[in-house]
Amino acid sequence: MQKSIDHTIMAIETSCDDTSIAILRNGVVISQITHSQIENHNKFGGVIPELAARLHSKNIFKLINLAIEDSAINLKNLNAIVVTEGPGLVNTLQVGFLVAKSLAYALKIKCYKVNHLIGHAFSPFINESIQKIPLKSIVLIVSGGHTILAIKKNYNFIIIGTTRDDSIGEVYDKVARMLGLNYPGGPIIDKIAYENSNRNFLNAPITNLEKFDFSYSGLKSWVLNHKNENKEELLSSFQNVAIEQLIIKIKKAMKDYDLKYLIIGGGVSANRYLRQKIRDIKDIYSFIPKKIYSTDNAAMIGNVYFKSKRNIREVKISDDVKPNLLMET
Ligand code: KG4
Ligand code: ZN
């Protein structure tokens, strides 16, 4: 009988408020089951870590079973388990990490850990050929926890700019909360701004720090000071300049580092206006994740196993999560 060369893995992601399990075979996602806890955190206006961890514990085995069923495999078919090491919330990361370690131990297969931010950085290439990944490019990660501009050289990431205060996703969420909108604010503001042509009606100020750092606290205060203006115009103006700040830095990085490739990832990369503005930049080749792979998902963690062996590490039984892991490798 011919030996099967199939390579099947399970990926687990629990860094924040999504419990996500994916099964990938030979680099292709054959199943992904994600349970969002948004409804549970909504009434608090943000994620409550303790509650998030409890919900991950409650749901994770059910989701693993669903993913196994959905992909029509048997646990015994798995060759490895890949899990998020960090960054993220310590007690939510630990749920996924402990389950991954124990399952791998019981199945006598290897367990590997992946940096969540590097998962986002390779997310546009999920289900794509490894040949598509540019060797040298600008990388922009925009999420609830991070705003990072980096240069990717082969498999290394060198950070050139980060936010000095709030991350962009955090600002979307805080601005929404200020105006009485639900959590997460990003998709809601995206829609309202889109319906208002994303115009800067109220002349919101554009922040443009020297070099490549970002700042969103000034814009957040500006929104607070204009709380009584027309809500649609206010949110459209907010989004216009929040995104413009990113575009200015992308263009500067292209010029200063003489690069023409851009990879983006993270929850805010689902934003319609950002996607449109990136496509409008002249002479850029951009790699943007599908919307389902923009926000947190397990497929992006499993994808690193197939796309960049240098960015996975074997988990030892004594290893713990790293909530403050940086992107640089
Ligand atoms: O990557 P992600 O799912 O989680 C973290 O790693 O933080 O990002 C979540 C963030 C939230 O702040 C959410 O408001 C934002 O992504 N987000 C968006 C959109 N969809 C999600 N922000 C702007 N426009 C969107 N369409
Ligand atoms: Zn994320």
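Buried here means under 20% relative accessible area. By that cut-off, buried residues make up 55% of the 329 residues in the chain. The model is predicted.

**Figure 1. The whole chain, with ten helices and eleven strands.** The C-alpha trace spans about 70 × 45 × 35 Å along its principal axes. A compact globule of 329 residues would have a radius of gyration near 20 Å, and the chain agrees, with 20 Å. Many contacts link distant parts of the sequence: of those with a separation of 6 or more, 73% are between residues 24 or more positions apart.

**Figure 2. The zinc site, with three coordinating residues: His116, His120 and Asp296.** The zinc ion is ligand 2. Both histidines coordinate through NE2, and Asp296 does so through OD. The distances are 2.1 to 2.2 Å. In sequence, the donor residues follow the spacing H-x3-H-x175-D. His120 belongs to helix H4 (residues 116-121), while Asp296 sits in the loop between strand E10 (285-287) and helix H10 (299-307), so this pair ties together parts that are 176 residues apart in sequence. His120 is buried, at 0% relative accessibility. Asp296 has a relative accessible area of 17%, so Asp296 also counts as buried.

**Figure 3. Helix H10, which follows the Asp296 loop.** Eight of the nine residues of H10 are buried, so the rest of the structure largely encloses this helix. Among the buried residues are Met300, Ile301, Val304 and Tyr305. Asn303 and Lys307 are buried too.

**Figure 4. An open sheet of five strands.** Strands in a sheet pair through backbone hydrogen bonds, in parallel or antiparallel fashion. Here the order is E8-E7-E6-E9-E10, and the pairing is mixed. E8 (156-162) and E10 stand at the edges with a single partner strand each, so one side of each has no neighbour in the sheet. From one strand to the next, the twist averages 25°. E7 (residues 147-153) and E8 run antiparallel, joined by six bridges. In this pair, Ile148 stands opposite Thr162 of E8.

**Figure 5. Strand E6 and its partners, E7 and E9.** Six of the seven residues of E6 are buried, so the strand is largely enclosed by the rest of the structure. Seven bridges join E6 to E7, and these strands run antiparallel. Lys136 stands opposite Lys153 in E7. A hairpin of four linking residues connects E6 to E7. E6 and E9 run parallel, with four bridges between them. Ile138 has Leu262 as its bridge partner in E9.

**Figure 6. Helix H8 across the sheet strands E6, E7, E8 and E9.** H8 covers residues 231-256. The helix runs at about 165° to E6. H8 also gives the most to the largest nonpolar core, with eleven residues.

**Figure 7. The largest nonpolar core, with 43 residues.** In soluble globular proteins, nonpolar side chains tend to be buried together. The residues with the most contacts inside this core are Leu140, Ile168, Phe238, Leu246 and Ile250. Elements that give two or more residues to the core include E6, E7, H8 and E9. Helices H5 (168-178), H6 (185-195), H7 (217-225) and H9 (272-280) do so as well. Leu140 touches Ile148, Leu149, Phe214, Leu246 and Ile250, among others, not counting residues up to four places away in sequence. Its contacts also include Leu262, Ile263, Ile264 and Gly265. Another core, of 32 residues, lies apart from the largest one. Ile9, Ile141, Phe287 and Tyr293 are among its members.

**Figure 8. Strands E1, E2 and E3, where E2 pairs with E1 and with E3.** E2 (residues 18-25) is mostly covered, with seven of its eight residues buried. E1 (residues 8-13) pairs with E2 in the antiparallel sense over six bridges. Glu13 stands opposite Ser20 in E2. A hairpin of four linking residues joins E1 to E2. E2 and E3 (residues 28-36) pair antiparallel over eight bridges. In this pair, Thr19 stands opposite His35 of E3. Two residues lie between E2 and E3 in their hairpin. Asn26, in that turn, has a positive phi of about 45°.

Technical notes: Residues numbered from 1 in each chain as written. Chains lettered and ligands numbered in written order. Predicted model: local features only at pLDDT ≥ 70, side-chain atom pairs only at ≥ 80, totals over all residues. Heavy atoms only, no water. Donors = N, O, S within 2.8 Å, 3.2 Å for Na, K, Ca; no water. Buried < 20%, exposed > 50% of the residue type's maximum accessible area, 1.4 Å probe, protein only. Pairing = 2+ DSSP bridges. Axes fitted to C-alpha atoms, helices over the stretch in contact; angles between N-to-C directions. Contact = heavy atoms within 4.5 Å. Core = buried A, V, L, I, M, F, W, Y, C linked by side-chain atoms within 4.5 Å. Rg over C-alpha atoms; globule rule 2.2 N^0.38 Å.
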